[in-house]
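Reader: Hi! Could you walk me through this structure? I'd like to go through a few helices and side chains.
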Amino acid sequence: MFISFEGIDGSGKSTQARLLAETLRRDGVDVIHTREPGGSPGAEEIRSLVLEGDPDRWSAETEILLFTAARRDHLEKTIRPALAAGKVVICDRFADSTRVFQGVTRGDLQDKVNRLHDEMIGVEPDLTLLFDMDPQIGLSRAKGRQTSEERFEDFGLEFQEKCRAAFLALADQYARFTVIDAARDIGPVAAEVATLVTARLKA
Ligand code: ADP
Ligand code: TYD
């Protein structure tokens, strides 16, 4: 089973992905927890190119190519081998992030994103959890982390608001999405996620 975690910056995806992986492992499930951009040595190198530096370092079109290149390597080296070995893959962001961040919020590039995705990636998660919350709170949580990977956070609040709306529109479009209220404390969110995923694994 392939599960992706999506949402705006600071919505708690990384925290929740880690907690879900711990819970499933405790239950004896063979899990890998991975992330995008990154998740394989080559893709981690691309990660620093796209996440560091000035917001105008790359155009949206160049980013589509870089994120898709990273995803292709991640798929070849990490995701496909894990799924083939019968593992549950928990992936912090996947192709929906490109649909939102490059496809919608910085111009109307959805069609290009989807065509490149169909050509080079061609897989979708079985389940996508969308961590939804007010971008103002998300951004202040994200900014509290103090890393050098702030290129997208530096696009500002209006950008994150557009992202939130675009994620919710995708959730309406695709049945694989479940929307999670991410504005709550870590514990209740983690409990809901664990219940949901455990039920899906049993089914
Ligand atoms: P994301 O991966 O979506 O950007 P993170 O999991 O890295 O989000 O969380 C961003 C910051 O907010 C971290 O410092 C994390 O400890 C904190 N955080 C995560 N979930 C919550 C929550 N439910 N309530 C308050 N703070 C949270
Ligand atoms: P991530 O490390 O998940 O950041 P955060 O923990 O703050 O949510 O992702 C870094 C940034 O990369 C994030 O702002 C979204 C962006 N991104 C894209 O623009 N396109 C993509 O395809 C992916 C995977 C991420």
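Reader: Let's jump in. Which helix does Ala169 lie in?
Author: Ala169 lies in helix H7, residues 157-173. Before we go on, this is a predicted model, in which local features need pLDDT of at least 70 and side-chain atom pairs count only at pLDDT 80 or more, while totals for chains, interfaces and linings use all residues. Residues are numbered from 1 along each chain as its sequence is written, chains are lettered from A and ligands numbered from 1 in the order in which they are written, and side-chain values use heavy atoms, with hydrogens and water left out.

Reader: Thanks. How are helices and strands picked out?
Author: They are DSSP runs numbered from the N terminus: helices are H or I with at least four residues, and strands are E with at least two.

Reader: Is Ala169 buried or exposed?
Author: In between: Ala169 counts as partly exposed, at 45% relative accessibility. Buried means under 20% relative accessible area, exposed means over 50%, and partly exposed is in between, using a 1.4 Å probe and protein chains only.

Reader: And what separates the C-alpha atoms of Ala169 and Asn114?
Author: They are 15 Å apart, with their places 55 residues apart along the chain.

Reader: Back to H7. At what angle do H6 and H7 pack?
Author: At about 120°, with axes 9 Å apart. That angle makes H6 oblique to H7. The axes are lines fitted to C-alpha atoms, for helices over the stretch in contact, and angles run from 0 to 180 degrees between N-to-C directions. Under 35 degrees is roughly parallel, over 145 roughly antiparallel, 65 to 115 roughly perpendicular, and the rest oblique.

Reader: Which residues meet there?
Author: From H6, Pro135, Gln136 and Leu139 meet Leu157, Gln160, Glu161 and Arg164 of H7. Contact means heavy atoms within 4.5 Å. By class, the residues in this contact are 3 nonpolar, 2 polar and 2 charged. Here Ala, Val, Leu, Ile, Met, Phe, Trp, Tyr, Cys and Pro count as nonpolar, Asp, Glu, Lys and Arg as charged, and the others, Gly among them, as polar.

Reader: Nice. Where is Lys143, and what does it touch?
Author: Lys143 is in helix H6, residues 135-143. Leaving out residues up to four places away in sequence, Lys143 touches Glu150, Glu153 and Asp154. Lys143 is partly exposed at 32% relative accessible area.

Reader: New topic: how do H2 and H3 pack?
Author: Helix H2 (residues 41-51) packs against helix H3 (residues 60-84) at about 160°, and their axes are 8 Å apart. The two are therefore roughly antiparallel. Gly42, Ala43, Ile46 and Val50 in H2 meet Leu66, Phe67, Ala69, Ala70 and Asp73 in H3. That contact has 7 nonpolar, 1 polar and 1 charged residues.

Reader: Arg71 is in H3 too, I see. Is Arg71 buried or exposed?
Author: Arg71 is buried, with a relative accessible area of 3%. Its side chain is joined to that of Glu36 by a polar contact of 2.6 Å. A polar contact is a pair of N or O atoms within 3.5 Å; within protein, one must be able to donate a hydrogen and the other to accept it, and residues adjacent in sequence count only if both atoms are side-chain atoms. Not counting residues up to four places away in sequence, Arg71 touches Glu36, Phe94, Ala95, Thr98 and Ile121.

Reader: What about the peptide bond from Glu36 to Pro37?
Author: That bond is cis, with omega near -10°. Pro37 is found in the loop between strand E2 (31-35) and H2.

Reader: And where is Arg93?
Author: Arg93 sits in the loop between strand E3 (88-92) and helix H4 (95-101). Arg93 is buried, at 11% relative accessible area. The side chain of Arg93 makes a polar contact of 2.9 Å with the side chain of Asp9. Beyond its neighbours within four places in sequence, Arg93 is in contact with residues including Glu36, Phe101 and Phe167.

Reader: What is phi of Arg93 near?
Author: Phi of Arg93 is near 75°, a positive value in a residue other than glycine. Most residues other than glycine have a negative phi, and most peptide bonds are trans.
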